[in-house]
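This report introduces a structure to a reader who has not met it before. Please view the sequence and the model together.

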Amino acid sequence: MIILIDQDGVLADFEHAFLAAWRERHPGIAPVAYEDRKSFNLLEDYPPELRGKAEAIYTAPGFIRGLPPVPGAIEAFKELLALGMDLRICTAPLRQYENCVAEKFQWVERHLGRAATERIVMTRDKTLVRGDILIDDKPGIEGAVAQPSWRHIVYDAPYNRHIADRPRMVWADWRNVLAGQLYAADA
Ligand SMILES: [Mg+2]
């Protein structure tokens, strides 16, 4: 079974690192609290006059490389590998790719080992990637292929809670959510 796992928001904790960096840089300006995030696109949750400040944080050298793992993600990744799952880290680079692309590889090496960097599939169009399951926090994943081969499992976040027609998980309950899919594949 091929399981595609998104990087930011699923393996790497982009949101909380962003908030920490914002508070450090702009102590006088309140950021949008995690639970108040409405749009997958972080900039859309900020008024136009603050968007430059927000963008400067996540495009800064070292930001992507320094993201903390989402709690439970590293352990679950290793356990899924041990179960024989063919895991791929399916990640879209920022449009400002300059720091992001290399730092995504560095992040994977740091937390999952250098061999895991060979599992990276970096694309802005995940519908083109074949797999059985895609675990991703993005609500609507669209691209050139209208009917992707994978089933989308939504990784829970405040900005995707309006999605009700797909399974939803966090790493704390991955066994329950994935169980049906895994056993079905074994049969
Ligand atoms: Mg994501």
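## Metal site and domains

Along the sequence, the residues that donate to the magnesium ion follow the spacing D-x1-D-x128-D. The model is predicted, so local features need pLDDT of at least 70 and side-chain atom pairs pLDDT 80 or more, while totals for chains, interfaces and linings use all residues. Residues are numbered from 1 along each chain as its sequence is written, and side-chain values use heavy atoms, without hydrogens and water.

Coordination of the magnesium ion comes from D6 (OD), D8 (O) and D137 (OD), at 2.0 to 2.1 Å. Donors here are N, O and S atoms within 2.8 Å of the metal (3.2 Å for Na, K and Ca); water is not among the atoms, so sites may look incomplete. Two of these donors are buried (under 20% relative accessible area, 1.4 Å probe, protein chains only), as the table shows.

| Residue | Relative accessible area |
|---|---|
| D6 | 5% |
| D8 | 17% |

An automatic or database assignment sets the domain bounds: domain 1 covers 2-13 + 68-186, and domain 2 covers 14-58. Their contact (heavy atoms within 4.5 Å) takes 15 residues from domain 1 and twelve residues from domain 2. Taken over C-alpha atoms, the centres of domain 1 and domain 2 lie 23 Å apart.

Between domain 1 and domain 2, about 1,100 Å² is buried, with 59% given by carbon and sulfur atoms; this is the accessible area (1.4 Å probe) that two parts lose on being put together, summed over both. On the domain 1 side, D13, P158 and Y159 supply 53% of the area buried against domain 2, more than any other three residues.

One salt bridge is counted between the two domains. E35 forms a salt bridge with R161, with the closest N and O atoms 3.1 Å apart; the term requires a side-chain nitrogen of Lys or Arg within 4 Å of a carboxyl oxygen of Asp or Glu.

Terms used: Buried means under 20% relative accessible area, exposed over 50%, partly exposed in between (1.4 Å probe, protein chains only).
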